[in-house]
Amino acid sequence: MITSHSPAILACLNGVIQPAAEARVSVLDRGFLFGDGIYEMVRLSNGRLHAIDRHWRRLDRSLKALEFPPVNLSLLRSRVSQTLAVAGHRDATVYIQISRATAPRAHAFPVDGEPTTLILVQHFGDEKAHLRQAGAGVITFTDLRWARCDIKSINLLGSVLAAEAAKRAGCVEAVLIREDGVVTECAHSSLFAVLDGVLRTHPLDPRILPGVTREIVLELAAELGIPCRHKALRREDLPQVEELFLTSTTARVLPLVTLDGQRVADGKPGPFTRQLRDAFAAWERADEQRTPSAEGLDAGAL
Ligand SMILES: Cc1ncc(COP(=O)(O)O)c(C=O)c1O
């Protein structure tokens, strides 16, 4: 039951639209038992799904990487559209999760079983909007995650612990550093820095998620002629960085102005960061013109 304490989240579980607090899955669902599932987080902005084609591509990639049974993606798209129509928001987050099957508990894949599909839609108030101007603080934290961070799996304990540490420190995020000193990304966002006048980010490999926002920001950096290297920073580089920012679907391009309580450079969002933040906002406005409205999704517009 949705109480006055829980925000109104609408669910579509295997095609049935209902309040999220009333939706139920079996205890034998492999998402529940093993974390055997994948997800996507999409943002509805002004009634349009942001960068939706890139999110569907990544979802498909995650399903294939984990050898899921076939999932009817056009049906899933039409369910997203129907859930959005019922929810009626103009600005929302759309969480899509697919777990492998419901089956007797055994580690190896079950022979039979249908994937469970879940869509959660919630109003998105963009509470961190002011931080895109002022900048935010982050901490560093050990990267405790598994060896396939490129798959958007619902196994998120390494990120959960890092995010909790950041929250306790009054920060928005945790910059993850592996035991070998390599800086990877953040608990739930991609990481960029400027060092020696060059934009730096970890290369695409199994240590990081291929972020949709990261991909767009790299395209924009190339268009703007900002020099860029896909090379990871190391722990000892961090005190020297000239700029730092994170990117994600919900945070967009967020300048980072403190790291473990120390100012990053002069403690203000740097010039490349501001340029990319503004270019990203312009890209979004253009994308809204290109993207069909949420209501048009099930008409095969995607
Ligand atoms: C580990 C990690 N990296 C990066 C991102 C940012 O990805 P995107 O820009 O696609 O939202 C996320 C978002 O959930 C994430 O969990």
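**Exercise 1. Determine which element gives the most to the lining of the largest cavity, and describe that lining.**

Solution. The model is predicted, so local features need pLDDT of at least 70 and side-chain atom pairs count only at pLDDT 80 or more, while totals for chains, interfaces and linings use all residues. Residues are numbered from 1 along each chain as its sequence is written, and side-chain values use heavy atoms, with hydrogens and water left out.

Step 1. On a 1 Å grid over the protein atoms alone, a cavity is a set of points where a 1.4 Å probe fits but cannot get out; lining residues have an atom within 4 Å of a point. Grid points are joined across faces, edges and corners, and a volume is the space filled by probe spheres set on the points. The structure has two cavities of 30 Å³ or more, and the largest cavity holds about 50 Å³ of space.

Step 2. The lining of the largest cavity consists of Val183, Thr184, Leu191, Phe192, Ala193, Arg200, Thr201, His202, Lys231, Ala232 and Leu233. Two or more residues of this lining come from each of E9 and strand E10 (190–195). Helices (H or I, at least four residues) and strands (E, at least two) are DSSP runs, numbered from the N terminus.

Step 3. E10 gives the most to the lining of the largest cavity, with three residues.

Step 4. By class, this lining has six nonpolar, three polar and two charged residues. Here Ala, Val, Leu, Ile, Met, Phe, Trp, Tyr, Cys and Pro count as nonpolar, Asp, Glu, Lys and Arg as charged, and the others, Gly among them, as polar.

**Exercise 2. Describe the second largest cavity in the same terms.**

Solution. Step 1. Its volume is about 40 Å³.

Step 2. Ser45, Arg48, Leu49, His50, Glu284, Asp287, Glu288 and Thr291 line the second largest cavity. Strand E4 (48–49) and helix H7 (271–290) are the elements that give two or more residues to this lining, and H7 gives the most, with three.

Step 3. The lining of the second largest cavity divides into one nonpolar, three polar and four charged residues.

**Exercise 3. Locate the ligand and characterise the pocket around it.**

Solution. Step 1. A pocket is an open set of grid points with protein on both sides within 12 Å along at least five of seven lines. The largest pocket has a volume of about 1300 Å³. Of its 49 lining residues, Tyr39, Glu173, Ala187, His188 and Ser189 are the closest to its centre.

Step 2. H5 gives the most to the lining of the largest pocket, with six residues. This lining divides into 21 nonpolar, 17 polar and eleven charged residues.

Step 3. The ligand sits in the largest pocket, where sitting requires that more than half of its atoms lie within 2 Å of the pocket's grid points. The elements that give two or more residues to the shell around the ligand are strand E9 (183–186), helix H6 (212–224) and strand E13 (243–248).

**Exercise 4. Identify the residues around the ligand and its polar contacts.**

Solution. Step 1. A residue is near the ligand if one of its heavy atoms lies within 4 Å of it. There are 17 residues around the ligand, of which Arg58, Glu185, Val212, Thr213 and Thr249 come nearest. The shell has five nonpolar, eight polar and four charged residues.

Step 2. A polar contact with the ligand is a pair of N or O atoms within 3.5 Å; within protein, one must be able to donate a hydrogen and the other to accept it, and residues adjacent in sequence count only if both atoms are side-chain atoms. A polar side-chain atom of Glu185 lies 2.7 Å from a nitrogen atom of the ligand. For Lys152, a polar side-chain atom lies 2.8 Å from an oxygen atom of the ligand. Val212 places a backbone N or O atom 2.8 Å from an oxygen atom of the ligand.

Step 3. The protein covers 92% of the 390 Å² of accessible area that the ligand has on its own, by the Shrake-Rupley method with a 1.4 Å probe.
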